[in-house]
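Hi there,

Here is the structure I promised to pass on to you. Have a look at it first, and then read my notes underneath.

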Amino acid sequence: MGELKRFFQEEDGAGVVEVVLVIVVIIGLVVIFQTKIKKIVNDIFTTITTKVKKVK
C-alpha cells in the first residue's frame with residue numbers, strides 16, 4: 001500500500017511531460033510561421049551582407 005501511495009505522489013515524470021509539451025508547442029509555432037521566419041532570417045542575412053560589402 002505504501003509503494004502505491006508513493007508512486008502516485010512522485011512528480012518526476014511531470015517535468016518530462018512539461019518539457020515535451022513545450023517542445024511540441026515550439027515546433028508547432030515554427031511550422032505555422034515557417035514562411036515569416038524564413039523571410040526575417042533572409043532579411044537579416046541580406047542586411048549583414050550589404051553592410052559587410054560597405055566595410056570592404
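The protein, which is a predicted model, has three helices and zero strands. Going along the sequence, you will meet them in the pattern α-α-α.

How much of the protein is buried? Buried residues account for 0% of its 56 residues. The surface that the protein exposes comes to about 5600 Å², with 70% of that supplied by carbon and sulfur atoms.

Next, something to look for in the side chains. Side chains of opposite charge can pair when their charged atoms come close. The structure holds one salt bridge, and you will find it between Lys39 and Asp43. The closest N and O atoms of this pair are 2.9 Å apart, and a salt bridge requires them to be within 4 Å. Why are Lys39 and Asp43 about one helical turn apart? Because the two residues lie four apart in helix 3, which covers residues 34–55. As for the surroundings, Lys39 has a relative accessibility of 52%, so this residue counts as exposed. Asp43 is partly exposed, with a relative accessible area of 36%.

Finally, a word on confidence. The average pLDDT of the protein is 87, and 89% of the residues score at least 70. Confidence is highest in helix 3, with a mean of 94, and lowest in helix 1 (residues 2–9), with a mean of 72. Keep in mind that where pLDDT is low, the predicted coordinates should not be read in detail.

Happy exploring, and best wishes!

Terms used:
Residues numbered from 1 in each chain as written. Predicted model: local features only at pLDDT ≥ 70, side-chain atom pairs only at ≥ 80, totals over all residues. Heavy atoms only, no water. Buried < 20%, exposed > 50% of the residue type's maximum accessible area, 1.4 Å probe, protein only. Areas by Shrake-Rupley, 256 points an atom, 1.4 Å probe, with all protein chains shown as cover. Salt bridge = Lys/Arg side-chain N within 4 Å of Asp/Glu carboxyl O. pLDDT = per-residue confidence, 0-100.
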